[in-house]
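Let's take a walk through this fold, one piece at a time. Keep the structure open beside you and turn it as we go.

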Amino acid sequence: MPEGDTVWQAARRLHEALAGRPLTRSDLRVPKYATADLTGRHVLDVTPRGKHLLTRMEGGLTLHSHLRMDGAWKVYAHDQRWTGGPAHQIRAILGNTDRTAVGYRLPVLELLRTADEHKAVGHLGPDLLGPDWNPERALANLLEDPSRELGEALLDQRNLAGIGNVFKSELCFLLGATPWLPVGALPADRAVHLPALAKKLLEANRDRPIRNTTGRRGQDLFVYGRAPRPCLRCRTSIRVADQGDGSRERPTYWCPHCQTGPTPGPRRRAPSGHPGTSRRTTN
């Protein structure tokens, strides 16, 4: 699923394919921008901001997109067959004489003035993979509400930008705390290292085709997607439960032996078909 490292990779692919060249094809398949024509404009750069993508073009325009759970940008050669999904899932096409970028299942797609990018991403906290990274600010943001569950605080992009459900579960495991522990109850010696640990994980994975937090080949993740298999450290069965306000399902994984803190009462098995792999789905 797309998180900060995956979005960083997508931005790099788009930048390499489109930047510095004029668009010869432009098709935004959302009603609000159906008549927008970007052909002839040079793409200046494609920049990731947390989980957001900003494609900047000459003339002061930015195409803002967000992948959320299922979105993907795929890049194809001029004569290559498109394989990202059925045509009705295509939301955007940007192409030049050599490459075509196709956006599938994009839940967020909007055309902004570049000067107004703050309206789309100004709410975000320090970007773990961006030039604005500030570990002190990120930690202060996380601790601002000490009663909030650690897992929820990590997912809140206003605190720090780039963590999703996979890294949330993995970070909590490495910190030795359950995702339901109030963030203010995290021991100070662990809290102070949290921002650096988060940055280390994302930086280590931004160039990898398969996400890995363990350093072991074939055993890529400590807990995410591994219930009810044994913990790689203590062999206790990994557990899974939903975390959040109920508005959407967020399966959360933890080891009941290696991680201390509150856990939910009723526990359930991982949902059928839930991704238990770290392999990327965005090309």
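Before we count anything, a word on what pairing means here: two strands pair if DSSP finds at least two bridges between them. With that in hand, look at strand 6 (residues 90–95) and strand 7 (residues 99–104), which run antiparallel and are joined by five bridges. To see the pairing up close, find Leu94, which sits opposite Ala101 of strand 7. Keep in mind throughout that this is a predicted model.

How sure is the predictor? The mean pLDDT of the chain is 92, with 92% of its residues at 70 or more. The stretch to treat with care is residues 267–283, where the pLDDT is below 50. That stretch still has 48 contacts in the model beyond near neighbours in sequence.

Now zoom out from strands 6 and 7 to the sheet around them. Four strands make up an open sheet with antiparallel pairing, in the order 1-6-7-5. At its edges stand strand 1 (25–28) and strand 5 (72–77); each has a single partner strand, so one side of each is left without a neighbour in the sheet. From one strand to the next, the twist averages 20°. Helix 1 (residues 4–18) packs on this sheet, where it touches strand 5, strand 6 and strand 7. The direction of helix 1 makes about 35° with that of strand 5.

There is another sheet to visit. As a reminder of how such sheets are held, strands pair through backbone hydrogen bonds, either parallel or antiparallel. This open sheet has four strands in the order 2-3-4-8, and the pairing is antiparallel. Strand 2 and strand 8 (108–113) are at the edges with a single partner strand each, so each has one side left without a neighbour in the sheet. Ignoring direction, neighbouring strands of this sheet are turned by 20° against each other on average.

Start inside it with strand 2 (residues 43–49) and strand 3 (residues 52–57), an antiparallel pair joined by six bridges. Here Val46 has Thr55 of strand 3 as its bridge partner. The hairpin of these two strands has two residues between them, and Gly50 takes a positive phi near 60° there. Moving on, strand 3 is also joined by six bridges to strand 4 (residues 61–66), again running antiparallel. His52 has His66 of strand 4 as its bridge partner. And helix 1 turns up once more: helix 1 packs on this sheet too, touching strand 2 and strand 3, and its direction makes about 175° with that of strand 2.

Just along the chain, the loop between strand 4 and strand 5 holds Arg68. Its phi is near 50°, a positive value in a residue other than glycine.

Next, the helices. How do helix 5 (residues 165–175) and helix 7 (residues 194–205) meet? Their axes come within 11 Å and cross at roughly 130°, which makes helix 5 oblique to helix 7. The crossing is right-handed. Helix 5 contributes Phe167, Leu171, Leu174 and Leu175 to the contact, while helix 7 brings Leu194, Leu197, Ala198, Leu201, Leu202 and Asn205. By class, that contact has nine nonpolar residues, one polar and no charged ones.

One last stop is the loop between helix 7 and strand 9 (239–242), where you'll find Pro228. The peptide bond from Ala227 to Pro228 is cis, with omega near 0°.

Key. Residues are numbered from 1 along each chain as its sequence is written. This is a predicted model: local features need pLDDT of at least 70, side-chain atom pairs count only at pLDDT 80 or more; totals for chains, interfaces and linings use all residues. Side-chain values use heavy atoms; hydrogens and water are left out. Axes are lines fitted to C-alpha atoms, for helices over the stretch in contact, and angles run from 0 to 180 degrees between N-to-C directions. Angles under 35 degrees count as roughly parallel, over 145 as roughly antiparallel, 65 to 115 as roughly perpendicular and the rest as oblique. A crossing is left-handed if the near helix is turned anticlockwise from the far one by less than a right angle, and right-handed if clockwise. Contact means heavy atoms within 4.5 Å. Ala, Val, Leu, Ile, Met, Phe, Trp, Tyr, Cys and Pro count as nonpolar, Asp, Glu, Lys and Arg as charged, and the others, Gly among them, as polar. pLDDT is the predictor's confidence in each residue, from 0 to 100.
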